[in-house]
Amino acid sequence: MKIAIPVESDGMTIALRMGHAPSFAVYVVTGDQIIEEGLFPNEHAGHHHHDKAEGHHHLSGDDKDAVHEHRRQLGVIKECDAVLVRGVGPSMKAALLEEGVKIFRAKKSLGSEAMVLIQQFKDNSNSFIEER
């Protein structure tokens, strides 16, 4: 299973919002092995042309133009089976689900480092909440 985790600029700490993360740490989980594929840029993050204090606003995941734009910006995520996130906006959520990418929300109590989260997901994916 190929899994992406949105991370901060240090490449290790999970980002609070997927759309604002500068990059994704991508892993392949097979049996007992976790293989780190590397860090890949978040193609969506560069499209946030707004005041950070205002946030990133989409009315809902039903905004077809916003969902289409988010799908176009998925980049390496299209090749993944799942993403582990803290938070994801409605248009990005809709875009991921349309692409067939599963979304698992990671509670803060599970830790903040990507490698720790991927290990916990491998050991017990039931600790994560699947978004639908």
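Two strands pair if DSSP finds at least two bridges between them. In the predicted model described here, three bridges join E5 to E6, and these two strands run antiparallel. Within this pairing, Phe 104 has Glu 130 in E6 as its bridge partner. Strand E5, formed by residues 102–105, also pairs with strand E4, formed by residues 82–85, in the parallel sense over four bridges. Between E4 and E5 the chain passes through H2, and the resulting β-α-β crossover is right-handed. In the parallel pairing, Ala 82 stands opposite Lys 102 in E5.

The chain as a whole contains three helices and six strands. Read from the N terminus on, its elements follow the order β-β-β-α-β-α-β-α-β. Of its 132 residues, 42% count as buried. Contacts between residues 24 or more positions apart make up 51% of the contacts in the chain with a separation of 6 or more.

The confidence of the prediction varies along the chain. The average pLDDT is 85, and 85% of the residues score at least 70. Over residues 48–61, however, pLDDT stays under 50, and the model has 19 contacts beyond four places in sequence for this segment. Where pLDDT is low, the predicted coordinates should not be read in detail.

Helix H2 comprises residues 90–99 and includes Lys 93. Its buried residues are Ser 91, Met 92, Ala 94, Ala 95 and Leu 96. Lys 93 counts as partly exposed, because its relative accessible area of 21% is not under the 20% that defines a buried residue. After H2 comes Gly 100, which has a positive phi, near 85°.

A search of the whole structure yields six salt bridges. One of them joins Glu 37 to Lys 2, with the closest N and O atoms 3.2 Å apart. This pair links distant parts of the chain, since Glu 37 lies in strand E3 (residues 33–41) and Lys 2 in strand E1 (residues 2–7), 35 residues apart. The two partners fall into separate accessibility classes under the 20% limit for buried residues: Glu 37 is partly exposed at a relative accessible area of 39%, whereas Lys 2 is buried at 16%. Glu 79 belongs to the network of salt bridges that also links Lys 2 and Glu 37.

A further salt bridge connects the side chains of Lys 93 and Glu 131, at 3.2 Å from N to O. Here too distant parts of the chain are linked, as Lys 93 belongs to helix H2 and Glu 131 to strand E6 (residues 129–131), 38 residues apart. Glu 131 is buried, with a relative accessible area of 14%, while Lys 93 is partly exposed. The side chains of Lys 122 and Asp 123 also meet in a salt bridge, with a distance of 3.0 Å from N to O. Lys 122 is partly exposed at 23% relative accessibility. Asp 123 counts as exposed because its relative accessibility is 52%, and exposed means over 50%.

Aromatic contacts were also examined. A pair of aromatic rings is described by the distance of the centres and the angle of the planes. The structure holds two aromatic pairs. In one of these, Phe 121 and Phe 128 are arranged edge-to-face, with 5.3 Å from centre to centre and 75° between the planes. Both partners are buried: Phe 121 has a relative accessible area of 7%, and Phe 128 has a relative accessibility of 6%. Ring pairs join these two residues with Phe 104 into a cluster. Phe 104 thereby takes part in the ring cluster and also has a bridge partner in E6, namely Glu 130.

Toward the N terminus, the loop between E1 and strand E2 (23–30) contains Ser 9. This residue counts as exposed, with a relative accessibility of 73%. Ser 9 and Ala 21 are separated by 12 residues in sequence, and their C-alpha atoms lie 7.7 Å apart in space.

Definitions and conventions
Residues numbered from 1 in each chain as written. Predicted model: local features only at pLDDT ≥ 70, side-chain atom pairs only at ≥ 80, totals over all residues. Heavy atoms only, no water. Salt bridge = Lys/Arg side-chain N within 4 Å of Asp/Glu carboxyl O. Buried < 20%, exposed > 50% of the residue type's maximum accessible area, 1.4 Å probe, protein only. Phe/Tyr/Trp six-rings, centres within 6.5 Å; stacked < 30°, edge-to-face > 60°. pLDDT = per-residue confidence, 0-100. Contact = heavy atoms within 4.5 Å. Right-handed = clockwise from strand over helix to strand, strands pointing away.
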